[in-house]
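Subject: Handover of a structure and notes on its contents

Dear colleague,

Please find below the structure that I am passing on to you. My notes on it follow, and I would be grateful if you read them with the structure open.

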Amino acid sequence: DDPYPNSDAMFEDIINNKRLKIYQGGEPHPFLGESSTDENGFTANEKLRAVHDYFGHFVNRNQFGKVGEEAAWVDHSKMFSPEAQNRALFLSLNSSG
């Protein structure tokens with residue numbers, strides 16, 4: 001289950017509790033997989049979700065949903081070189097069924 005019913009609940013949790021819960025379910029990521037579990041039990045995909053939710057959604061208050069995800073992509077991608085942006089987009093498009 002998603003840890004938050006909506007993005008506002010996530011924003012409030014970060015602000016009020018200094019905590020960010022992440023979704024820890026679904027199928028293994030086709031490139032990051034489950035074999036990447038660290039000593040705390042988090043996979044690389046779960047860590048990536050946390051980074052995306054914080055920098056892509058929280059920092060500029062981009063809502064969940066189509067428009068918010070597109071805005072999150074734009075904001076989050078500024079953290080990376082053009083080469084890394086292209087690679088991430090390629091991986092995203094090729095892993096989305």
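A polar contact is a pair of N or O atoms within 3.5 Å, and within protein one of them must be able to donate a hydrogen and the other to accept it. An example stands at the beginning of helix H1: Asn 6 caps its N-terminal end, with a side-chain oxygen 3.1 Å from the backbone nitrogen of Asp 8. Please keep in mind that this is a predicted model.

The chain as a whole

The protein chain contains four helices and zero strands. Read from the N terminus, its elements follow the order α-α-α-α. The radius of gyration is 14 Å, close to the 13 Å that the globule rule gives for 97 residues, so the chain is as compact as a globular protein of that length. Along the principal axes, the C-alpha atoms fill a box of roughly 35 × 30 × 25 Å.

Of the 97 residues, 23% are buried. The accessible surface amounts to about 6,700 Å², and carbon and sulfur atoms account for 54% of that area. If one takes the contacts between residues at least 6 apart in sequence, 38% of them join residues at least 24 apart.

Helix H1 and the core

Which residues of H1 are buried? In this helix, which spans residues 7–17, they are Ser 7, Met 10, Phe 11, Asp 13 and Ile 14. Seen down the helix axis, these buried residues fall within an arc of 160 degrees, so they line one face of H1. Helix H2 (44–58) is included in what covers them.

Nonpolar side chains tend to be buried together in soluble globular proteins. In this model, the largest nonpolar core has five residues, namely Tyr 4, Met 10, Phe 11, Ile 14 and Phe 58. H1 gives the most to this core, with three residues. One member of the core, Phe 11, touches His 57, Phe 58, Arg 61, Asn 62 and Gln 63, when residues up to four places away in sequence are not counted.

Two residues of helix H2

His 57 lies in H2. Is His 57 buried or exposed? Its relative accessibility is 0%, and residues under 20% are classed as buried, so His 57 counts as buried. Its side chain reaches the backbone oxygen of Gln 63 at 3.5 Å, and it also makes a polar contact of 3.0 Å with the side chain of Glu 69. With neighbours within four places in sequence left aside, the residues in contact with His 57 include Met 10, Phe 11, Asn 62, Phe 64, Gly 68 and Ala 72.

Lys 47 is also found in H2. Because its relative accessibility is 38%, Lys 47 counts as partly exposed. Which residues does Lys 47 touch, not counting those up to four places away in sequence? They are Asp 38 and Phe 42. The side chains of Lys 47 and Asp 38 are joined by a polar contact of 3.2 Å. The C-alpha atoms of Lys 47 and Ile 22 are separated by 8.3 Å, although the two residues are 25 residues apart along the chain.

Residues in the loops

Most residues other than glycine have a negative phi. Against that background, two residues deserve your attention.

Lys 18 has a positive phi of about 50 degrees although it is not a glycine. Lys 18 comes just after H1, in the loop between H1 and H2. At 73% relative accessibility, Lys 18 counts as exposed.

Arg 61 is a residue other than glycine with a positive phi, in this case near 55 degrees. Its place is the loop between H2 and helix H3 (66–77). Arg 61 is partly exposed, with a relative accessible area of 38%.

Glu 27 belongs to the loop between H1 and H2. Its relative accessibility is 67%, so Glu 27 counts as exposed. The C-alpha atoms of Glu 27 and Thr 37 are separated by 14 Å, and these residues are ten residues apart along the chain.

As you look through the model, I suggest beginning with Phe 11 and His 57, which touch each other.

Yours sincerely,
A colleague

Definitions and conventions
Residues numbered from 1 in each chain as written. Predicted model: local features only at pLDDT ≥ 70, side-chain atom pairs only at ≥ 80, totals over all residues. Heavy atoms only, no water. Buried < 20%, exposed > 50% of the residue type's maximum accessible area, 1.4 Å probe, protein only. Helix = DSSP H or I, 4+ residues; strand = E, 2+ residues; numbered from the N terminus. Arc of directions from axis to C-beta. Contact = heavy atoms within 4.5 Å. Core = buried A, V, L, I, M, F, W, Y, C linked by side-chain atoms within 4.5 Å. Rg over C-alpha atoms; globule rule 2.2 N^0.38 Å. Areas by Shrake-Rupley, 256 points an atom, 1.4 Å probe, with all protein chains shown as cover.
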